[in-house]
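Here's a quick walk through one protein chain, from overall build down to a few backbone oddities. Have the viewer open as you read.

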Amino acid sequence: MQLNFTLQINNDSWYPTVEIKDLKTLSGDKANINKKLVLQFTAPGKMTSGDITVSSDPWYAFDSQVESSEISNGIFDIKVTLVPTDGQLIGSAITNIHMGLNKSSDTAPDWSTFSNTFSAAADEEPNVTGSLVVKCAQLPAGLEQSSAELILTRGDKSEYLTLKPGQSTVSLPAGTYRVAVSDLKTEDGTLRAPVNVDLKEVVINKGAQTPLNVTFGAVQHSSTLDVVISLDDIPGLQNEALQLSYLENGVETQRLSLRTGETLRLEQRPATGRFALQARSLKLNNVAYTFDELSGQLNGQYHEVKLTRAQVHQTNESLTGAAKLTLHVSAEKALSTTFDLHLSNGAATPRRYAFDNIPAMQATSPQTVALIPDTYTIETGSFVNNGTVYYVDVSPNPLVVKANTPVQLNVNIVEGANLQVKGFPDYLTFGGCADMSPSNVDDLAEARVTSVFKYSGDDGMGDAGGYLDPAKEPTSKIIEMARNVSAKTSDTVIPFMVSYTCNLSLGDVPNIIKDPVRHQYSFANFIQSLKMAQATQDAAHPVPAGYIVNPDYLGECQKYGYAPTYPIPVRKPLSDAMAHHGVNVAIPAGITDTLKGYIKAVNWLVRVVAPDVVLGWQINLWSVGGSQWVYNDFSYDDVFDATDGQHKKMTITPELAGKLSADYALLVGVFEDTEYQQANGQTAIAKGADFMAADRYEADDFTGRAFNNGYCYSPNEWDRTFDFCASLSRHLRKPVMPWQIPASRLATQDEQVGEMEAQFWGTGGSYLMGHPEIGDSVEAINEKLLNLNFLDVHAAMMGHTARELFNRHAFDVSQPKYQDFPARGIFHVQVGGGATTGVVSAVNNNSSSWMRPRLKAYRQHPLAFENNRAVDKAKK
């Protein structure tokens with residue numbers, strides 16, 4: 001039974017409310033409700049059951065069920081179902097329904113804007129629909145059997161309607177829809193007509209009809225080519241990506257890369273003229289391959305352009321002076337997998353050698369393919385086997401081959417990080433930052449995160465001014481949130497606390513690092529959080545929580561060049577903090593009043609107070625003295641080198657930055673074990689950290705907080721950031737967690753870009769998850785983003801504008817960039833921050849709405865820690 005009612009809306013800036021009363025039938029009688037009352041409406045924020053109060057006479061207790069679906073940035077369709085707790089008949093007892101919600105942002109529209117979306121029904125679903133009446137012209141001649149789609153988009157949801165001549169009516173939920181259409185075309189694409197609509201946006205009102213007229217433009221004739229590579233019968237080319245040039249009337253218009261068995265369609269080519277397809281010659285394993293040009297007439301027809309054996313010419317290269325190659329493989333253990341080695345001389349038509357499926361075990365094996373004298377660069381990389389990363393190191397590289405002189409290539413299989421960090425599944429996962437808003441749980445569940453993180457304490461900075469009231473420590477709340485998310489997804493969700501025991505993010509490093517009073521309070525507050533976490537450990541949650549400790553600490557110490565013996569008060573403030581919380585374990589002798597002693601103290605404290613949690617330290621990109629190297633290799637006058645303890649001038653690359661940071665972390669004991677005596681007298685080992693977190697800078701690229709501080713990344717800078725992570729893991733031999741990565745995305749040309757400080761655009765999300773609408777084209781990026789001006793002080797590093805930055809290096813974000821993360825030592829990625837786009841809608845005006853469904857889709861087919869491979873980009 002559909003109902004009428006009286007609606008009153010209070011447009012508060014942050015917590016608007018509505019009152020619903022006088023429920024009546026459509027004929028004006030009092031509502032007689034049996035089992036349930038259902039309300040449906042649109043709102044500028046999310047609602048929870050705690051936001052709903054029902055008044056009735058006589059009084060009943062009501063259960064309220066709230067379902068919400070985001071339809072735009074911070075705008076939600078909400079359905080509320082009210083049911084008496086005791087199951088009684090409701091009748092006409094309800095006198096008032098009070099509902100409120102937290103607005104998604106201060107720029108969200110007033111709730112009264114959506115007053116016409118409210119509907120109510122007794123014991124059935126409310127009628128919230130209107131009608132779209134589509135009047136479609138006759139299909140043009142030659143396209144009568146073709147079809148086009150009308151695409152109606154409201155927020156992140158789309159309705160697809162097949163256009164048919166004449167008038168048709170479709171029922172739609174009330175709201176405003178963007179209108180788009182696909183081309184009307186034949187199956188082979190040679191005949192098409194543009195589809196025109198008289199409205200780019202339609203408003204569907206409840207119970208009303210909205211007209212939309214569709215017409216067709218002039219029929220257009222064009223040519224279609226399917227480019228097919230069919231070389232299965234040439235073994236040497238079966239795995240080869242051929243480089244192709246497509247020409248029209250002698251002018252190259254496109255370059256293609258295709259392997260045998262692949263097909264690429266080229267549509268809307270001219271209806272007149274000539275086409276040609278040219279495959280680049282190549283030399284592989286002492287066979288020179290040339291290819292006949294495939295050409296034909298562009299005549300408005302469909303053409304299959306197939307490259308087969310008939311167009312391939314093979315010539316054996318002269319082996320005069322060719323040298324025999326022996327591969328000597330060294331491996332610490334025999335692995336049940338194989339690896340590949342590729343050699344190239346780098347010529348315009350490169351001579352290449354491919355040695356594939358080499359067993360990853362100790363062996364010396366002469367190769368049947370000899371090498372023609374030249375200098376060859378060897379492309380190497382890494383692979384994952386049984387959850388562990390292995391690196392393929394070769395020497396010499398480059399390999400100089402002289403006439404008639406046998407050569408040996410030494411291959412060393414080096415074991416790296418074990419990616420199977422306790423508490424985490426055996427595949428690459430993602431996590432997000434929480435701000436403790438009521439909507440966090442639903443958002444995190446939608447994204448199917450594996451972790452959720454928040455800063456510990458009251459001030460989030462270590463609370464170094466005193467002992468923290470337990471009621472102000474959020475550890476228990478974030479654990480509860482993680483478990484609520486897990487209950488919705490049936491997935492493991494690890495709560496992470498970001499904890500400072502010494503906050504060097506504040507500056508004044510020489511004083512803060514030596515302040516025993518600050519250490520005492522921060523140690524004590526850290527113990528309190530650890531105790532809370534360990535108390536929640538049970539069979540269902542064997543790893544109750546995770547910790548990332550002391551952001552910026554290692555980076556500052558590395559910048560200053562503090563040695564492991566640098567004096568720091570450790571033992572007394574640690575002892576006083578432990579006494580305050582009743583931790584009765586003797587501090588081991590290995591914990592000294594030094595920098596290394598401090599770091600080992602933090603690790604030891606975690607293992608003693610909360611032995612089941614997982615632990616990581618954090619390192620910054622700027623720990624080598626700055627982060628200018630992310631844009632281009634950069635020379636610094638004063639870089640601390642942990643290998644010899646000297647300060648020196650260095651030109652920093654991503655690989656060197658990762659190595660220097662890893663060397664320093666190892667020097668000061670981040671992953672070093674500590675022997676100690678337990679309270680029962682037994683000797684035990686406190687393990688070092690489990691992983692390293694790597695931090696860029698927590699801000700969305702196209703906000704002043706980022707670009708005015710020298711952080712606005714194109715895909716090239718993200719490439720180099722993750723090259724740093726790969727090098728960090730390689731030299732630590734430990735897994736790495738990129739942390740606080742902005743999940744903001746690029747805007748395309750057809751999107752509306754308003755005030756950028758309120759919209760939070762960026763590149764991190766587009767890079768990570770893939771953004772095919774951008775692909776490899778700078779011009780696909782919204783003009784307003786590209787025209788962003790940078791400060792003059794950053795021009796040498798970033799360029800003068802974003803357009804200049806993005807034009808520096810070719811890129812392609814058509815596909816996700818996380819696909820080789822496991823082979824680069826990355827086991828988990830945490831996105832977002834307190835003021836940075838991540839997963840939750842309550843931060844940054846729900847700029848995370850693009851990221852959540854993509855993270856959810858990723859979890860359908862996650863990357864397992866097995867058979868993942870990466871190319872060593874430094875040696876390509």
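## Surface and charge

Accessible areas here come from the Shrake-Rupley method with a 1.4 Å probe. By that yardstick, the chain exposes about 36000 Å² of surface, and carbon and sulfur atoms own 47% of it. Keep in mind that you're looking at a predicted model.

On the charge side, the chain carries 71 positive and 96 negative side chains. The centres of those two sets sit 3 Å apart.

## Overall build

Secondary structure first: the chain has 16 helices and 53 strands. Its radius of gyration is 32 Å, close to the 29 Å from the globule rule for 876 residues, so the chain is as compact as a globular protein of that length. If you're setting up a box, the C-alpha trace spans about 105 × 90 × 55 Å along its principal axes.

How much of the chain is buried? Of its 876 residues, 55% count as buried. As for the contact map, take the contacts between residues at least 6 apart in sequence: 71% of them join residues at least 24 apart.

## Helix α1 and what follows it

Helix α1 covers residues 440-447, and 6 of its 8 residues are buried, which makes it mostly covered. The buried set is Asn440, Val441, Asp443, Leu444, Ala445 and Ala447. In general, an α-helix has 3.6 residues a turn, so residues three or four places apart point the same way.

What covers the buried residues of α1? The cover includes strands β4 (45-46) and β42 (451-455), along with helices α2 (475-489) and α16 (851-858).

Right after α1 comes Arg448, with a positive phi. Arg448 belongs to the loop between α1 and β42, and its phi is near 50° even though the residue is not a glycine.

## Another positive phi

Ser490 shows a positive phi too, about 65°, again without being a glycine. You'll find Ser490 in the loop between α2 and β43 (494-499). Is Ser490 buried or exposed? Its relative accessibility is 68%, so Ser490 counts as exposed, the cut-off for that being over 50%.

For context, most residues other than glycine have a negative phi, and most peptide bonds are trans.

## Cis peptide bonds

Which residue does a cis peptide bond join to Pro58? That partner is Asp57, and omega is about 5°. Pro58 is placed in the loop between β5 (52-56) and β6 (62-72).

The peptide bond from Ser395 to Pro396 is cis as well, with omega near -5°. Pro396 is also a loop residue, this time between β38 (388-395) and β39 (399-401).

## Cysteines

How many disulfides are there? The count comes to 0, where a disulfide would need a pair of cysteine sulfur atoms within 2.5 Å. Take Cys502: the closest cysteine sulfur to its own is in Cys557, 7.7 Å away, so the two are too far apart for a bond.

Cys502 is also buried, with a relative accessible area of 3%. Cys136 is buried as well, with a relative accessible area of 5%.

Key: Residues numbered from 1 in each chain as written. Predicted model: local features only at pLDDT ≥ 70, side-chain atom pairs only at ≥ 80, totals over all residues. Heavy atoms only, no water. Helix = DSSP H or I, 4+ residues; strand = E, 2+ residues; numbered from the N terminus. Rg over C-alpha atoms; globule rule 2.2 N^0.38 Å. Buried < 20%, exposed > 50% of the residue type's maximum accessible area, 1.4 Å probe, protein only. Contact = heavy atoms within 4.5 Å. Lys, Arg positive; Asp, Glu negative; His and termini not counted. Charge placed at Lys NZ, Arg CZ, Asp CG, Glu CD.
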